[in-house]
Amino acid sequence: MSSSNFGVWRPIAENVEYNALESNSNAVMAVADTVRTTLGPKGLDKLLIDQAMNRHVSNDGVTILLSLKAIHPVARMIVEIAERQEQLVGDGTTTAVVMSAEMIKEGKRLIRELGVHPTKVVEGIENGVRHACHLLEGEAKLISINDVELEQVVRTSLASKLDGARLAELVITALRMVGENAKYNGEYDFNKSIMVIRKTSMEDQIVNGIVLERKRLDPELPLEVNGARILLTKLDLKPVKEAWIKENKNYQEILLMENDRMSKSREIVDSMVKTGANVVLIASPEVDQAVEDMLVARGVFAARVATEEIDHLIRYTGAKPVRVSEDLKKPDILGKADRIREDEDNGLIYLEGGIGRNMVTIIVSGTTKETSLERWRATIDGVNAAEAALNKGVVPGGGAAELHIIDKVKGLKLKGLEQVGLEVVTSALESIMRQILTNAGFNGLEKVMMAKVSPSGYGIDINSGDPVDMWKMGVVDPLLVKTMALNAAGEIAKSVLRIDRNLAAEDLSQQALSETKR
Ligand code: ADP
Ligand code: MG
């Protein structure tokens, strides 16, 4: 089979099909257009309507993208990259999408209008992105937990969100409460120290401790225990009853087994209580009713917890989880906390004054499920932005950091046409400020030109339209959000620009058929 006829990879020449590039880039533009108007503090919201006709208003790049039934495979790539950006740094998704669209637009122009070979463009992108990230690192300022920049970075990240100013204050309070205690191996890790939960029925709240969205096993149990000695169990407490019935045991056998089950359960509960625990938190997927009943009879504060909560509970209370019944005999397995209590009205369990590492829980409210979901996501974005800022530093926001490294990126000397490929990266670097200002109602291009001739760190005040020092304005972004977005955009652009044909499986078999006939 000759691969040149096959057309998957073909040297650029007069006969290269631009159709794939055209259709792929159109798909990217269509996706990018759905989110670009949300960028920045003056960005607009989107009304999302799902298949069940539920309405939901969002300003969050990933949420919007995920709600699209992105059918085009290249469009789906964008969604995936945005998701990855969200997972890795938790912010900057719209930035990544806007930059990738810009790169593809510019790359397409170079390929189509100037006849630059895609591989040259791709090399230009690779070098340009690497260099730009390096330059941004050079611009970054390291900050510590008590610096004003920490507050600024949180406010900037939440500036475009529903009720962002209030959420920023919640996040900042939580950050200060956990403080240096959130450092693990020298880096801040707020996943381990700040929990964010949402609840529609109550006010926003910050709790110095862990809040579990649970109720006690039984309403008969005490509502509150002071001086909590906590047993955290992962024991297999699964009921065995159904298995016997399936095995068609006779009545006598079942009776014997039932007695056995009761005495085993009693044994387990006895040894749990013998540890001195007055709180039992159960992290087993299934629990035999007999065990539950006996725990209730003993009057200990008992509740189920989810697997995801176990690590938090271990860190916060110092409990050593019990995996096999022998563990119950080991010393020092109990965790300790000042108090555990259930708020019956809201169905929440509060655990406060743990003897282990600090933990803070932010409870975000919302009048509807949708607003609480949007506020919850925004709060997590803010926490993530703070983490990235503390670990890797901050740069001036509003697209200023990107804008002022453009000349230096251009100064990078590459051989031949790769140099032209750099333009792809510089256009992307310019696109962020342009879009933020366009969204604020200005002529974006004109304002970018104004900012460009201003000193480094200067951007445009989104209210007055005048050049301002972004550091002084307190508009700062985490370096990591910028470099990740730039890398993500580069990845998408490179793959899209490299594709010269979209082949579906059907096309391939058609091709193969005609090849064999020949
Ligand atoms: P993303 O999904 O990329 O995080 P956002 O809608 O959150 O998108 O917008 C983030 C951008 O908005 C950042 O570049 C940030 O610097 C910018 N921004 C936030 N507040 C301001 C402001 N007051 N003036 C100019 N730019 C701002
Ligand atoms: Mg953001």
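## Salt bridges, a small sheet and a helix

At a relative accessibility of 13%, Glu 309 counts as buried, because the cut-off for that label is under 20%. This is a predicted model, and Glu 309 is a handy place to start looking around it. Its partner in a salt bridge is Arg 214, which is partly exposed at 24% relative accessible area. The two sit in distant parts of the chain, 95 residues apart: Arg 214 in the loop between β7 and β8, Glu 309 in helix α12.

A search of the whole structure turns up 40 salt bridges. Here are three of them:

| Pair | Closest N to O |
|---|---|
| Asp 204 and Arg 375 | 2.9 Å |
| Arg 214 and Glu 309 | 3.7 Å |
| Arg 339 and Glu 224 | 3.4 Å |

Arg 339 belongs to strand β11 and Glu 224 to strand β8, so their bridge ties together parts 115 residues apart in sequence. Arg 339 is partly exposed at 26%, and Glu 224 is partly exposed too, at 37%.

Asp 204 and Arg 375 are both buried. There is also a network of salt bridges linking Glu 102, Lys 105, Glu 430, Arg 434 and Lys 452.

Now for the sheet. Its three strands run in the order β5-β13-β6, open and with mixed pairing. β5 and β6 stand at the edges with a single partner each, so one side of each has no neighbour in the sheet. β5 pairs with β13 in the parallel sense over five bridges, and Arg 198 has Val 364 of β13 as its bridge partner. Helix α8 packs on this sheet, touching β5, β6 and β13.

Finally, helix α19 is mostly covered, with 14 of its 20 residues buried.

Notes:
Residues numbered from 1 in each chain as written. Chains lettered and ligands numbered in written order. Predicted model: local features only at pLDDT ≥ 70, side-chain atom pairs only at ≥ 80, totals over all residues. Heavy atoms only, no water. Buried < 20%, exposed > 50% of the residue type's maximum accessible area, 1.4 Å probe, protein only. Helix = DSSP H or I, 4+ residues; strand = E, 2+ residues; numbered from the N terminus. Pairing = 2+ DSSP bridges. Contact = heavy atoms within 4.5 Å. Axes fitted to C-alpha atoms, helices over the stretch in contact; angles between N-to-C directions. Salt bridge = Lys/Arg side-chain N within 4 Å of Asp/Glu carboxyl O.
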